[in-house]
Amino acid sequence: MTRIITITSGKGGVGKTTITANLGTALAQLGKKVALIDADFGLRNLDLLLGLENRIVYTIIEAIAGECTIEKALVKDKRQPNLVLLPAAQNRNKEAVSPEQMKEIVDRISANFDYAIVDCPAGIELGFRNAIVAATEAIIVTTPEMAAVRDADRVIGLLEAEGIEKISLIVNRLRPEMVQLDRTIGVEDILDILRIPVIGIVPEDERVIVSTNRGEPLVLDERPSLPGMAFKNIARRIEGDDLPFLDLMASYDNLFTRIRRLFKA
Amino acid sequence: MISELIDKMFPRNKGNTYKNSREQAKNRLKLVIAHDRAKLNPGMMESMRREILEVVSHYVEIDPQEMEFSISNDDRMSVLIANLPIRRIKNSKPETTTRSKLEKPETQKTSK
């Protein structure tokens, strides 16, 4: 049974595409057959994060229109033989695709894969509906910012209304040193508000940006990094492994912050 | 006290900009999300508050300073919380007060 997972957030810029690229790669590393579907029509970026931007010949629009076969539109990843990308169109109007067409194509692709992961655009308009129409489950991405959490809550409500019940949460770009000093909301606060199970916590890290610049998802980097480990752990949790969460506070837990917390009123 | 001393010894920032930033964010978020979920705008909340207060004040005198009226959330379910401290019970019949066409006084009386 193929799992069709939509990565969504409501708010833009929280890291949906980065997470899609890394989770897809990490699941492929685990030996799963994965299709990544870029549903962000008009503003495609998943190809860039995977370093596949020069290999795109056809897009999802041609596949839907029947101008090419689905197999031809799927771009094979350079490093992972199990991973393919269905790129979004860059030039056509967002309104060119209907949810019915989208459902049909995602269902047809997913028949040959273990996972179909859909990268949802920001917002809750047609692009969002296209991205969730075929999904059987969803991963919400949020950051410890008020606007991101609020939008996540809206999206959870919309997903529930669509009958998607399996919803989990990734808290991205967490800054442990800020949480530690009570300067921003932490994971517990977000969970307390959103009330959905958390599947991953990813710290803010410059290496994520560097890996984007290279077009190589961070999980491929042989040097260990906290966000890379966090992505890999999420992939394993999706697979059903029960893993403890990384201790992101450890590197900030120095004598100074300990004293400060000790005397905190 | 010691906390203040430490703050003075190692000033984190100028002023109180960051103090309670976490609590503030959380509380504001909770409130705004409760309203989002209930799909109630502040105007509707206000008129609901006024109407409920109007009905209640036929029977008891409410302390308007202490009253609390808010939407909150309990595990993805919205709850309307109205906390209306009673100053005193009105002895006179509701008919004597300025009343609206909202309720029939007879039914209210019998249920008492």
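## Surface and charge

Chain A shows about 11,800 Å² of accessible surface, and 50% of that belongs to carbon and sulfur atoms (Shrake-Rupley method, 1.4 Å probe). This is a predicted model, where local features need pLDDT of at least 70, side-chain atom pairs count only at pLDDT 80 or more, and totals for chains, interfaces and linings use all residues. Residues are numbered from 1 along each chain as its sequence is written, chains are lettered from A and ligands numbered from 1 in the order written, and side-chain values use heavy atoms, leaving out hydrogens and water.

## Overall build

DSSP gives chain A 12 helices and eight strands (helices are H or I runs of at least four residues, strands E runs of at least two, numbered from the N terminus). The radius of gyration of chain A is 19 Å, close to the 18 Å from the globule rule for 265 residues, so the chain is as compact as a globular protein of that length (C-alpha atoms; the rule is 2.2 Å times the number of residues to the power 0.38). Along its principal axes, the C-alpha trace spans about 70 × 40 × 35 Å.

Of the 265 residues, 55% are buried (under 20% relative accessible area, 1.4 Å probe, protein chains only).

## Around strand β4

Now for β4(A), residues 83-86: A:Leu83 and A:Leu85 on one side, and A:Val84 and A:Leu86 on the other, are all buried. Strand β2 (residues 34-38) pairs with β4(A) in the parallel sense over four bridges (pairing takes at least two DSSP bridges), with A:Leu36 opposite A:Leu85.

Strand β3 (residues 75-76) runs antiparallel to β4(A), joined by two bridges. A:Lys76 has A:Val84 as its bridge partner, and six residues sit between the two strands of this β3(A)-β4(A) hairpin.

Conventions: Buried < 20%, exposed > 50% of the residue type's maximum accessible area, 1.4 Å probe, protein only.
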